[in-house]
Amino acid sequence: MKKAHECQPTLNDSQVFSFCRDGYLMLEDVVPDEINQRTTQFIDQYGKGLHRTLLKKDWFIDNVLLNSQVIGVIRSLLGANFRLPVKLPNHRANCPLPVQAWHRDGGARYGCELNHVQVFYYPQDTPVELGPTEVLPGSHFLFSLGSWMGHYGSIRGSVLTSAPAGSIYITVYSIWHRRGFSTATGIRNMLKYKYWRTSPPTRDWILEPDFDHRPSGQFDIPSVQQQHRNWYDAAEMYYWLCGGQEEFEAMVGSKEWPPGYAVPGQMPANHHNF
Ligand SMILES: [Fe+2]
């Protein structure tokens, strides 16, 4: 069995920042077919209580929980010596089913700290017809009462996580999501579990010397947040992960915020004081 602490981070600054901004990251087709089939058979045979059974199998730990592509991301986001999942609920859907209500999972908190991540694993092909989870990028920063958000229908910018068997996606726990509308007949399994941090955040992923987190032309992804707030929140999370909260506060309090203003002492020629 591999050890989590032996792995290396695989994300660079841009990818860490994208995760902070979007609140999720998809890794398609990373688990071998043989393991996907074995997992599905195991679920069909044993049903509930998978944390007492499947979670203890070396073949599952090595190929799913410690999958090299997955833990490279986890190591980047949660630092060295992160903890492995201790629970393994299966979100088994007997399709067809109507769309679920938008929600965030119980106990979700909003803020820049990233002390754990929530992970979803599809052991089978999960096309649109089988109701893959729909996520709302950027919504991990957006507070709404659960009793209100459940009334929303389609939201512009949401993404369906339809993916081939063996796909795993990693999310900020507080992201808004729902099981998609399904039209096919059959079972959709989806395992869901969490990793968590034990080390203080520090910028020890793959560094990009020229990395610039400031908004670029590509930053205008459809966002549920308004007026550059998505950039502000993503930057705050990124700096928290770097262990540089002071750096973020200095940036916001001085020359780079609000966006679009000139750096003090470098006012444009047509600037007038009133
Ligand atoms: Fe949920």
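Two strands are taken to pair if DSSP finds at least two bridges between them. Helices (H or I, at least four residues) and strands (E, at least two) are DSSP runs, numbered from the N terminus. By the first of these criteria, strand β4 (residues 133–135) pairs with β7 in the antiparallel sense, over three bridges. Residues are numbered from 1 along each chain as its sequence is written. The model is predicted, so local features need pLDDT of at least 70 and side-chain atom pairs count only at pLDDT 80 or more, while totals for chains, interfaces and linings use all residues.

The protein chain has seven helices and nine strands. Confidence is expressed as pLDDT, the predictor's score for each residue, from 0 to 100. The chain averages 87, and 84% of the residues score at least 70. Strand β6 has the highest confidence, at a mean of 98, and helix α7 (residues 245–253) the lowest, at 69. Over residues 266–274, pLDDT stays under 50. Where pLDDT is low, the predicted coordinates should not be read in detail. Two residues are in contact if their C-beta atoms, placed from the backbone, lie within 7 Å. For residues 266–274, the model has two contacts beyond four places in sequence. Among contacts in the chain between residues at least 6 apart in sequence, 90% join residues at least 24 apart.

Two open sheets can now be described. One of them holds three strands in the order β5-β4-β7, with antiparallel pairing. Its edge strands are β5 (159–160) and β7 (177–179), each of which pairs on one side only. Within the pairing of β4 and β7, Glu134 has Arg178 as its bridge partner. The other open sheet has four strands in the order β1-β6-β3-β9, again with antiparallel pairing. Here β1 and β9 are the edge strands, each pairing on one side only. Direction ignored, neighbouring strands of this sheet are turned by 20 degrees against each other on average (axes are lines fitted to C-alpha atoms, for helices over the stretch in contact, and angles run from 0 to 180 degrees between N-to-C directions).

Following the four-stranded sheet across, β1 (residues 24–27) pairs with β6 over four bridges, and Leu27 stands opposite Ile168 in β6. Strands β3 and β6 are joined by six bridges, and six bridges also link β3 with β9. Residue Gln118 stands opposite Thr171 in β6 and opposite Lys194 in β9. A residue is buried if 20 or more other C-beta atoms lie within 10 Å of its own, exposed if 12 or fewer, and partly exposed in between, with C-beta atoms placed from the backbone. Five of the six residues of β6 are buried, so this strand is largely enclosed by the rest of the structure.

Of the 274 residues in the chain, 35% are buried. In soluble globular proteins, nonpolar side chains tend to be buried together. A nonpolar core is defined as a set of buried Ala, Val, Leu, Ile, Met, Phe, Trp, Tyr and Cys residues joined through C-beta atoms within 7 Å. The largest such core has 48 residues, of which Val16, Ile74, Leu77 and Tyr238 touch the most other members. Elements supplying at least two residues each include α1 (13–22), α4 (68–78), β3 (116–122) and β6 (167–172). Helix α6 gives the most, with seven residues. Leaving aside neighbours within four places in sequence, Leu77 is in contact with Val16, Phe19, Leu114 and Val117.

In helix α3, the buried residues are Phe60, Asn63, Val64 and Leu65. They cover an arc of only 160 degrees around the axis (taken from the directions from the helix axis to the C-beta atoms), which puts them on the same side of α3. Their cover includes α2 (33–46) and β3.

Several loop residues also deserve a look. Arg197, in the loop between β9 and α6, is buried, with 20 other C-beta atoms within 10 Å. Its C-alpha atom is separated by 4.7 Å from that of Phe82, 115 residues away along the chain. Most residues other than glycine have a negative phi, and most peptide bonds are trans. Asp29, in the loop between β1 and α2, has a positive phi near 55 degrees and counts as partly exposed. Asn81, in the loop between α4 and β2, has a positive phi near 60 degrees and counts as exposed. A cis peptide bond, with omega about 10 degrees, joins Cys95 and Pro96.
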